[in-house]
Protein chains: 2
Amino acid sequence: MTQAESREGTDSLPGTSPEATRIPRKRDAEATQKRILSSAKHEFAMSGLGGARVDVIAEKAEANKRMIYHYFGSKEALFTKVLEEAYGDLYEAERKLKLDHLEPKVALERFVRFTWNYYLENPDFITLVNSENLHKGVHLESSDVLKSVSKNRLHMLENLLVRGQKSGVFRSGIDAMQLHISIAALGYYYLTNRYTGSIVFRCDLMAPEMLKKRIEFNVDSIIRIVSA
Amino acid sequence: MTQAESREGTDSLPGTSPEATRIPRKRDAEATQKRILSSAKHEFAMSGLGGARVDVIAEKAEANKRMIYHYFGSKEALFTKVLEEAYGDLYEAERKLKLDHLEPKVALERFVRFTWNYYLENPDFITLVNSENLHKGVHLESSDVLKSVSKNRLHMLENLLVRGQKSGVFRSGIDAMQLHISIAALGYYYLTNRYTGSIVFRCDLMAPEMLKKRIEFNVDSIIRIVSA
DNA sequence: TTCATATGTAAATATCTTGTTACTTATGGG
DNA sequence: CCCATAAGTAACAAGATATTTACATATGAA
């Protein structure tokens, strides 16, 4: 089956020819790039950088391999772009949280829940990050995009800690980076290792009641860690 | 060129010929299997299941591809065996800890430090587990070996918690599985994401003083989580 | 309209990769 | 010793795979 034919199922003809001839795609560079990025994100997340196939990415994007190389240069450059977008999305969602006006303890709890929910709702993020770390971070280490978006990453949490310390609900001397890492860790580890974890512990770690147990345990843990 | 001829370039005949003759490897099935397993563990850890190459595994094992298929059947079966061994090694090291006679708090701290050190000294374990989870646990879900070695995995920690609760140092109502997962998570996440983490936080997470900071933070966190 | 160029398609290429096959050699039991 | 068999080697086959090339078509500016 030709690629032109492969599209005929979903579309019909714009006027001229009666039988199912190919409908040339409307030229839309931006849309094509978006479809490729979205498809790549999914494939890279599912199979890792090494396991993902350029052919499959192109096919799922309803685009052509040639377009991938045209727009992104190489499989690895595409992977880099996907990673940058994934980090950008997370950070943007974080920024939207607006925790500054909330009571420190409430704000911290909300941040813990947000982090957990983000991982849960964006499972791609975790596998993408895992894949990049398997490759020792080579795709992001020279990424100005990541460096830019990750600037002042700890600002919000630092403010939160200072506010809480001043009001006496948090103890002093808490390292914001260590806490930030811990908040991520408690959720991330559970979810990334959900398959082996379910085997080892002989239960379905993704069952709704188990997920609920986990997030409540995490919230409680983080609060205990910072409490005065 | 025949297959026999193809070897004559590097080697000459044993005994009959005077100059540097080939030394045929001593036949030792067990040793060869061990070399293959060790090499495979390293390659799978370095590149993941998909990224590892059977040829490279054979070469690094100073063995032959044929031997891999002879002894293990397939790349995936070899991967399964490597995983089973990796889990077995961790669990055996855990069993050697002998925490029963220690004061609960001291014992728990020792367990947290053990877990951290094990990940630090066996970085292969983390990437192997990551790789298996990328593959949704398919290689271990039917592994009787893993099911066998992971039996009563929470026993030690449960005993510890009960002892601590009885003596009043630990609070009651702590879920041993959640705690176990958290102890692993705080170390595992930091180490598996050390590359992207170092970029995002603009510091070398693997620098000795940073590692020290992390383990001390983790020990303190776990103690706070369980304290009465 | 005309034409340069951005966008898109199909096929080729060169290299890799897993698993197999045909073959060689060491080992140990009779 | 003799020889069946376990252990080991090299080359091959079939199918993937990333990237490139040759070509086609839509678009918009002149």
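**Entry 1: the chain as a whole**

What pattern does chain A follow when it is read along the sequence? I began with this question, keeping in mind that I was looking at a predicted model. Reading along the sequence, I found that chain A follows the pattern α-α-α-α-α-α-α-α-α-α-α. The count agrees with what I wrote down next, namely that chain A has 11 helices and 0 strands.

I then looked up how much of the chain is covered, and I noted that chain A has 228 residues, of which 47% are buried. For the surface I wrote down an accessible area of about 11,600 Å² for chain A, with 51% of that area belonging to carbon and sulfur atoms. I also looked at contacts in chain A between residues at least 6 apart in sequence, and 65% of these join residues at least 24 apart.

**Entry 2: two helices that cross**

Which residues of α5(A) and α11(A) make the contact between these helices? Before answering, I noted where the helices are: α5 of chain A covers residues 104–121 and α11 of chain A covers residues 208–226, and their axes come within 10 Å and cross at roughly 140 degrees. The crossing of α5(A) and α11(A) is right-handed. On the side of α5(A), the contact is made by A:K105, A:L108, A:E109, A:V112, A:R113, A:W116 and A:L120, while α11(A) brings A:L211, A:R214, A:I215, A:E216, A:N218, A:V219, A:I222, A:I223 and A:V226. When I sorted the residues of this contact by class, I had 10 nonpolar, 1 polar and 5 charged residues.

**Entry 3: how the two copies are related**

I wanted to know how chain B is placed relative to chain A, and I started from a general statement. Two copies of a chain are related by a rotation about an axis and a shift along it. Here, chain B can be laid on chain A by a turn of 180 degrees and a shift of 0.0 Å along the axis, with an RMSD of 0.0 Å. The two copies are therefore related as by a two-fold rotation axis. I also checked the contact residues of chain B, and 100% of them recur in chain A, so the same surface serves both copies. Which residue of chain B comes closest to the rotation axis? I found that it is B:A185, whose C-alpha is at 2.8 Å from the axis.

**Entry 4: a tyrosine with neighbours in both chains**

I looked up A:Y87, which has its place in helix α4 (residues 75–95) of chain A. Is A:Y87 buried or exposed? Its relative accessibility is 5%, and because buried means under 20%, A:Y87 counts as buried. Leaving out residues up to four places away in sequence, A:Y87 touches A:F125, A:V129, A:L140 and A:L146, and also B:T196 and B:V200 of chain B. One of these partners, A:F125, is 38 residues from A:Y87 in sequence, yet the two are 7.9 Å apart in space, C-alpha to C-alpha.

**Entry 5: two serines in chain B**

I took B:S131 and B:S38 together. B:S131 has its place in helix α6 (residues 123–134) of chain B, and at 7% relative accessibility it counts as buried. Setting aside its neighbours within four places in sequence, I found B:S131 in contact with B:G48, B:L49 and B:F79. B:S38, by contrast, lies in helix α1 (residues 29–51) of chain B and is partly exposed, with a relative accessible area of 48%. The C-alpha atoms of B:S38 and B:K60 are separated by 9.2 Å, although the residues are 22 apart along the chain.

**Entry 6: positive phi outside glycine**

Where is A:K136 found? I located A:K136 in the loop between α6 (123–134) and α7 (144–149) of chain A. A:K136 is not a glycine, but its phi is positive, at about 60 degrees, and this residue is partly exposed, with a relative accessible area of 47%. I noted a second case at A:N152, where phi is near 55 degrees, again a positive value in a residue other than glycine. A:N152 is found in the loop between α7 and α8 (155–166) of chain A, and it is exposed, with a relative accessible area of 55%.

Conventions
Residues are numbered from 1 along each chain as its sequence is written. Chains are lettered from A and ligands numbered from 1 in the order in which they are written. This is a predicted model: local features need pLDDT of at least 70, side-chain atom pairs count only at pLDDT 80 or more; totals for chains, interfaces and linings use all residues. Side-chain values use heavy atoms; hydrogens and water are left out. Helices (H or I, at least four residues) and strands (E, at least two) are DSSP runs, numbered from the N terminus. Buried means under 20% relative accessible area, exposed over 50%, partly exposed in between (1.4 Å probe, protein chains only). Contact means heavy atoms within 4.5 Å. Accessible areas come from the Shrake-Rupley method with a 1.4 Å probe; for residues, only the protein chains shown count as cover. Axes are lines fitted to C-alpha atoms, for helices over the stretch in contact, and angles run from 0 to 180 degrees between N-to-C directions. A crossing is left-handed if the near helix is turned anticlockwise from the far one by less than a right angle, and right-handed if clockwise. Ala, Val, Leu, Ile, Met, Phe, Trp, Tyr, Cys and Pro count as nonpolar, Asp, Glu, Lys and Arg as charged, and the others, Gly among them, as polar. Copies are superposed by least squares on the C-alpha atoms of residues with pLDDT of at least 70 in both.
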